[in-house]
Amino acid sequence: MKSKKFLVVLMAALMALAMVACGNNNEPAPTPDPDPTPDPAPTTKVDYSGSLTDWMYTPETEDELTKLLIAIDEVSYGSAGASLQQANAAVAVMKLAMDESGKAEDTVKAYLEGMNETQKDYFSFQWQQAMKTALALLDGSEDAAILEDAGDADFDLKAVDSTKTADFNNAVIQLLSDAGVTNEWKNHTDVEPFLYAAA
């Protein structure tokens, strides 16, 4: 009788050991997360190794305010007629600042949203250069006669509010910052077109 009990206990012990060995410890399987956190998107970096045209953002558009932004973005430096393009860009900046529709800031924001990181950084460079020329035209340190040669003879500089222009510039600079722009171009002033900003 005792040997029977011993065999029963021994069999139970062996079964328990077998279950542990098989990993069957009766613990419930973990419940999968129904809403897992996705892996973060890879960070894209500004890359000025490509072609200059790759740095510009020129979407197809019929919107007049967006066309002004494209005019700023397409300015060239160091070429024949570059100073006239820069004058055009300065006028574009002032037109945006003086726009009465109330849509200029939203247009800049939408324009930036369509860009990659390099295009945003390059637009920041172009904007800053155009703003410098606009302020120079407004304070008289740049001869306003250039507007006639640039095809902007009908643009009335006297109608431009310098304070409003400066305020709009601050708003654009904030939008650029919100878009993650770090002005990487300032680390490349040994190459065109950035060297013209360093001159």
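The exercises below, each with a worked solution, concern a predicted model.

**Exercise 1.** Determine which residues of helix α3 are buried and which helices they pack against.

Solution.
- Helix α3 spans residues 64-73, and seven of its 10 residues are buried.
- Buried here means under 20% relative accessible area.
- The residues that meet this cut-off in α3 are Leu65, Thr66, Leu68, Leu69, Ile70, Ile72 and Asp73.
- Their packing partners are α4 (82-97), α5 (104-113) and α6.

**Exercise 2.** Find the residue that caps the N-terminal end of α3.

Solution.
- The cap is aspartate 63.
- One of its side-chain oxygens lies 3.3 Å from the backbone nitrogen of leucine 65.
- Leucine 65 is also among the buried residues of α3.

**Exercise 3.** Describe the largest pocket by volume, lining and residue class.

Solution.
- The volume is about 160 Å³.
- The lining consists of Tyr77, Gln86, Gln129, Lys132, Thr133, Tyr196 and Ala197.
- Helices α6 (117-139) and α9 each supply at least two of these residues.
- The largest share, three residues, comes from α6.
- Sorted by class, the lining has three nonpolar, three polar and one charged residues.

**Exercise 4.** Locate the cis peptide bond and the positive phi value of a residue other than glycine.

Solution.
- The cis bond joins glutamate 192 and proline 193, with omega about -5 degrees.
- Proline 193 sits in the loop between α8 (162-178) and α9 (195-198).
- The positive phi, near 60 degrees, belongs to asparagine 183.
- Asparagine 183 is likewise placed in the loop between α8 and α9.

Terms used. Residues are numbered from 1 along each chain as its sequence is written. This is a predicted model: local features need pLDDT of at least 70, side-chain atom pairs count only at pLDDT 80 or more; totals for chains, interfaces and linings use all residues. Side-chain values use heavy atoms; hydrogens and water are left out. Helices (H or I, at least four residues) and strands (E, at least two) are DSSP runs, numbered from the N terminus. On a 1 Å grid over the protein atoms alone, a cavity is a set of points where a 1.4 Å probe fits but cannot get out, and a pocket is an open set with protein on both sides within 12 Å along at least five of seven lines; lining residues have an atom within 4 Å of a point. Grid points are joined across faces, edges and corners, and a volume is the space filled by probe spheres set on the points. Ala, Val, Leu, Ile, Met, Phe, Trp, Tyr, Cys and Pro count as nonpolar, Asp, Glu, Lys and Arg as charged, and the others, Gly among them, as polar. Buried means under 20% relative accessible area, exposed over 50%, partly exposed in between (1.4 Å probe, protein chains only). Contact means heavy atoms within 4.5 Å. A polar contact is a pair of N or O atoms within 3.5 Å; within protein, one must be able to donate a hydrogen and the other to accept it, and residues adjacent in sequence count only if both atoms are side-chain atoms.
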